[in-house]
Protein chains: 2
Amino acid sequence: MSDLVERLRERGWRMTVQRRIVAEVLDGEHMHLTADEVHARATARLPEISRTTVYNTLGDLVALGEVLEVATDGRARRYDPNAHRSHQHLLCSRCGAIRDVHPVGDPLADLPAGERFGFALSHAEITYRGLCPECAAPGA
Amino acid sequence: MSDLVERLRERGWRMTVQRRIVAEVLDGEHMHLTADEVHARATARLPEISRTTVYNTLGDLVALGEVLEVATDGRARRYDPNAHRSHQHLLCSRCGAIRDVHPVGDPLADLPAGERFGFALSHAEITYRGLCPECAAPGA
DNA sequence: TATTGACTTGGACTGTGTCCATCGTAGGAT
DNA sequence: ATCCTACGATGGACACAGTCCAAGTCAATA
């Protein structure tokens, strides 16, 4: 299963029990967990793992480009293990559910040079908002 | 834009010194301030204004649709007084500076029906990321 | 100007994230 | 297989963002 763990080892990442567990927790989830949710799941497998280690490891994974950090609401950041395929997010305005989506085209192309203010653009993050089928249903 | 203050009064908002000052602080800025930055500027004019009141007032303004809340990085939320003209944001990855920008085209058009998962889309928020001229400069 | 209920205050509290001194250990060297 | 040591883990304290609450204050109305 863990492509991820293998890739990290090949890149000279010192593999500790803690790091492996954090990577596996992320890898096994198709949701976008917060740091504390990752910590909770990791704790189930290694009770003495510290919060700091989880934060450090998540930060490292983001720096390595293996995981994306998503800030949807100004509360806890969420971690998205699906970093290898470019994608955007679809968020339900009512219940907060998130899905990965894949729009067509290059969003950077839509920002004219005159609107770039000298910035060196790296990428664009798009959050589509709306109501999910459950929340839009009249009876629900 | 005592427009803003007027609009609020017409909508039955009880106008207090504190609320007027918060509205004026936002109105007078073309940056996107955090709640604590608003509080600092308000304090310069009314030293005893409380943090809670600033938070309450900002929350009310957002609920009234007069101000937009922007969550860019999972740290402090920023408040954007320019709620009446559709726009997106350009964010410096290093220093966190934000500018309003106006891309061309309709971002919703880029999301194929097959990628909408039954959601009733309302709008899309785009954050362009990159380095601002100051942070990109070698010596800075 | 008196009344009243909405608003403000400030301190305590929660949640999220970071820092740091100290201890432990993965992985190379022998 | 064992030793070494630099890198990683720990956990408690701290910092920051935001919320809650009980008590005091005041804007709007009559």
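Start at DNA strand C in this predicted model. Select helix H3 (35-45) and helix H4 (51-63) of chain A, then helix H2 (17-27) and helix H4 (51-63) of chain B; each of these supplies at least two residues of the surface near DNA strand C. H4(A) gives the most, with 3 residues.

**DNA strand C**

Now show the residues around the strand. DNA strand C is surrounded by 18 residues, and the closest are Arg51(A), Thr52(A), Arg14(B), Thr16(B) and Thr53(B). Which parts of the strand do they approach? Of the atoms of DNA strand C that come within 4 Å of the protein, 67% belong to sugar and phosphate.

Three contacts are worth a distance label:

- Select Arg14(B): a polar atom of its side chain is 2.9 Å from a base nitrogen of DNA strand C.
- Select Gln18(B): an N or O atom in its side chain is 3.0 Å from a sugar or linking oxygen of DNA strand C.
- Select Met15(A): here a backbone N or O atom lies 3.2 Å from a phosphate oxygen of DNA strand C.

Colour this surface by residue class, and 5 nonpolar, 6 polar and 7 charged residues appear near DNA strand C.

**DNA strand D**

Move to the other strand. Around DNA strand D there are 18 residues, of which Thr16(A), Gln18(A), Thr53(A), Arg51(B) and Thr52(B) come nearest. Sugar or phosphate accounts for 67% of the atoms of DNA strand D within 4 Å of the protein, and bases for the rest.

Again there are three contacts to label:

- Select Thr52(B): a polar side-chain atom is 2.8 Å from a base nitrogen of DNA strand D.
- Select Glu48(A): a polar backbone atom is 3.2 Å from a phosphate oxygen of DNA strand D.
- Select Arg19(A): a polar side-chain atom is 3.3 Å from a phosphate oxygen of DNA strand D.

Helix H2 (17-27) and H4 of chain A, together with H4 of chain B, each give two or more residues to the surface near DNA strand D. H4(B) has the largest share, 3 residues. By class, this surface has 4 nonpolar, 6 polar and 8 charged residues.

**The two protein chains**

Hide the DNA and show chains A and B. How are the two copies related? A turn of 179° and a shift of 0.2 Å along the axis lay chain B on chain A with an RMSD of 1.1 Å. That is the relation of a two-fold axis. The copies meet through the same surface, because 100% of the interface residues of chain B are also interface residues in chain A.

**The nonpolar cores**

Next, select Leu121(A), Tyr128(A), Leu121(B) and Tyr128(B). These have the most contacts inside the largest nonpolar core, which has 24 residues. Strand E4 (88-92) and strand E6 (120-131) of chain A, with strand E4 (88-92) and strand E6 (120-131) of chain B, each supply at least two residues of this core. Centre the view on Leu121(A). Beyond its neighbours within four places in sequence, Leu121(A) touches Leu108(A), Leu111(A) and Arg116(A), as well as Leu90(B), Tyr128(B), Arg129(B) and Gly130(B). A second, separate core has 21 residues, among them Val5(B), Val22(B), Ile49(B) and Tyr79(B).

**Chain A as a whole**

Finish with chain A alone, in cartoon view. Chain A has 5 helices and 6 strands. Followed from the N terminus, the elements run α-α-β-α-α-β-β-β-β-β-α. The C-alpha trace of chain A spans about 50 × 45 × 25 Å along its principal axes. Of the 140 residues in chain A, 40% are buried.

Technical notes
Residues numbered from 1 in each chain as written. Chains lettered and ligands numbered in written order. Predicted model: local features only at pLDDT ≥ 70, side-chain atom pairs only at ≥ 80, totals over all residues. Heavy atoms only, no water. Near = heavy atom within 4 Å. Polar contact = N/O pair within 3.5 Å; in protein donor to acceptor, adjacent residues only side chain to side chain. Helix = DSSP H or I, 4+ residues; strand = E, 2+ residues; numbered from the N terminus. Nonpolar A, V, L, I, M, F, W, Y, C, P; charged D, E, K, R; others polar. Least-squares fit on C-alpha atoms with pLDDT ≥ 70 in both. Contact = heavy atoms within 4.5 Å. Core = buried A, V, L, I, M, F, W, Y, C linked by side-chain atoms within 4.5 Å. Buried < 20%, exposed > 50% of the residue type's maximum accessible area, 1.4 Å probe, protein only.
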